[in-house]
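Q: I've got this model open at my desk and I'd like a close look at a single part of it. Please start from one spot, work outwards through what surrounds it, and tell me how far to trust the picture.

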Amino acid sequence: MDFERWLTKLADFLVKAGVPAEHGPMAALGLVFLSLTLLSLIVVVLLLRRKFRPGEVRDEVSAEALVEEPETTDEVATEEVTTPGEVEEVFVEEPPPTLTAMPEVEEPPSTLTTVPEVEEPANLYQRMRQGLARTRSSLVGRMDALLGSHASLDSEFLEELEEILITADFGMRATQELVHALNGRLKEIDQNQPDQLHKVLGEEIRARLKTGEPDWPTPESGPLVIMVVGVNGVGKTTTIGKLAKQFADQGKKVVLGAGDTFRAAAAEQLEIWGERAGAEVIRHAEGSDPAAVAFDSAKAAVARKADVLILDTAGRLHTKVNLMEELKKVRRVVDREIAGAPHETLLVLDATTGQNALIQARMFQEAVEVSCIALTKLDGTAKGGIVVAISSQLDLPVRLIGVGEGVADLRPFDADEFVAALFANN
């Protein structure tokens, strides 16, 4: 009776709390049942935890270990016919080898640090060769396999070779020119001598490559101004940083203009590179007018008698008319402050994007009078033929290529070196 009276009071309480009157008794009964279930579960969990306490398990394991240890000790004693003193000497002498072995683990870093010192001069050709490894294996490997699969160098051979060149991103125009030239020189090639095909194709590729001047322009007065353009994600800011470090290592004073005011943290990234290169970075608040940054950068470079001014620019989609107009404005502003500036307009392209890089180059060339190209991430693609496509189709020199992560891996492009590395024997 007490339970029923208590249940009735609980039902009344639930009705006052908003439960419909006709459902009050059932809701009260359900609440009691739920409470009892939760209480039972808590009791079961507590009992299980008490039964399987970690401490008891560890005690059992340690007890077993204590039982087994004397057996192993006895076995050693029976197998090793030595006195206790000699056994103790054995166990005392074991730790020192582990202590002397520790420095041996640290030796590889020291050898790693000495290897670059030997390979650093390891001429830049080696870097180029390593950077083109994927392109070489894709292009040359498939060419050699094609030679071995044909009884004669005929039109079918040239057709399949054309497909190989296109997949390596040589572009349709350059590929057709190369195949046409090879068709006239097939008599020079012995199909059993792959090197002859390499030689002839290499000569034809070299004839279509344009390289920039070995040295940067020297202005009559004021600093050398390099305006760097390109879409986001191609490695533009990194290229600027590496280039600044190279100029600084030559003893030149460098000023960097953080003109990419739209990409988040672009100025901060440039400042990090500026610290590494010892270059001053001129920046404004995010979202500022890039032309204003260019103006202040030019003023600062002249006032500080800098040797080089490198201007970063926004890299929004190259199809945006506003961006191109903005870049034209930056050029006008810099030209007013420093006669003839920018002396170089460097377009940065990502080699891994293949034909998209060619499209970008056309758009920027029409808008801002691109004078030379830096092709990054050449070591990360099997489509290094894009170098030939850009150089031959746009009549633009490739001044710089990126074949690695290091500062020295951004290097002047040498057409002879490129062809030699492309067809180097593995």
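A: Let's start at glycine 315, which sits in the loop between strand 4 and helix 14. Helices and strands here are DSSP runs, numbered from the N terminus: H or I over at least four residues for a helix, E over at least two for a strand. Before going on, note that this is a predicted model, where local features need pLDDT of at least 70, side-chain atom pairs count only at pLDDT 80 or more, and totals for chains, interfaces and linings use all residues. Residues are numbered from 1 along each chain as its sequence is written, and side-chain values use heavy atoms, with hydrogens and water left out.

Is glycine 315 buried or exposed? With a relative accessible area of 3%, glycine 315 is buried; the cut-offs are under 20% for buried, over 50% for exposed and partly exposed in between, using a 1.4 Å probe and protein chains only. Leaving out residues up to four places away in sequence, glycine 315 touches Gly230, Val231, Asn232, Lys236, Asp260 and Leu323, where a contact means heavy atoms within 4.5 Å. Valine 234 is 81 residues away along the chain, yet its C-alpha atom is 9.1 Å from that of glycine 315.

Leu323, one of the residues that glycine 315 touches, takes us into helix 14, where it is among the buried residues. The others are Met324, Glu326, Leu327, Val330, Arg331, Val333 and Val334. Helix 14 covers residues 321-337, and its 17 residues should span 24 Å at 1.5 Å a residue; the end C-alpha atoms are 25 Å apart, which agrees. (The expected span is 1.5 Å times one less than the number of residues.) The cover over those buried residues includes strand 1 (224-229), helix 13 (290-303), strand 4 (308-312), strand 5 (344-350) and helix 15 (355-368).

Helix 15 is worth a zoom. Its axis and that of helix 14 come within 9 Å and cross at roughly 45°. Axes are lines fitted to C-alpha atoms, for helices over the stretch in contact, with angles from 0 to 180 degrees between N-to-C directions. Helix 14 and helix 15 are therefore oblique to each other; under 35 degrees counts as roughly parallel, over 145 as roughly antiparallel, 65 to 115 as roughly perpendicular, and the rest as oblique. The crossing of helix 14 and helix 15 is right-handed, the term for a near helix turned clockwise from the far one by less than a right angle, with anticlockwise being left-handed. On the helix 14 side, Met324, Leu327, Lys328 and Arg331 meet Met363, Phe364, Ala367 and Val368 of helix 15. Met324, Leu327 and Arg331 also belong to the buried set of helix 14.

Past helix 14, the loop leading to strand 5 holds proline 342. The peptide bond from alanine 341 to proline 342 is cis, with omega near -5°.

For something to set beside that helix pair, try helix 10 (residues 194-207) and helix 17. Their axes come within 10 Å and cross at roughly 150°. That makes helix 10 roughly antiparallel to helix 17. Gly202, Ile205 and Arg206 of helix 10 make the contact with Ala415, Asp416, Val419 and Leu422 of helix 17. This crossing, too, is right-handed. Of those helix 10 residues, Gly202 and Ile205 are listed as buried.

Now, how far to trust it? The protein chain averages a pLDDT of 80, and 80% of the residues score at least 70; pLDDT is the predictor's confidence in each residue, from 0 to 100. Confidence is highest in strand 2 (residues 254-258), at 98, and lowest in helix 5 (residues 95-119), at a mean of 38. Across residues 54-122 the pLDDT is below 50, and that stretch has 4 contacts in the model beyond near neighbours in sequence. Where pLDDT is low, the predicted coordinates should not be read in detail.

Zooming right out, the protein chain has 17 helices and 8 strands. Of its 426 residues, 41% count as buried. Among contacts between residues at least 6 apart in sequence, 73% join residues at least 24 apart, and the pairing of glycine 315 with Asp260 is one local example of a contact.
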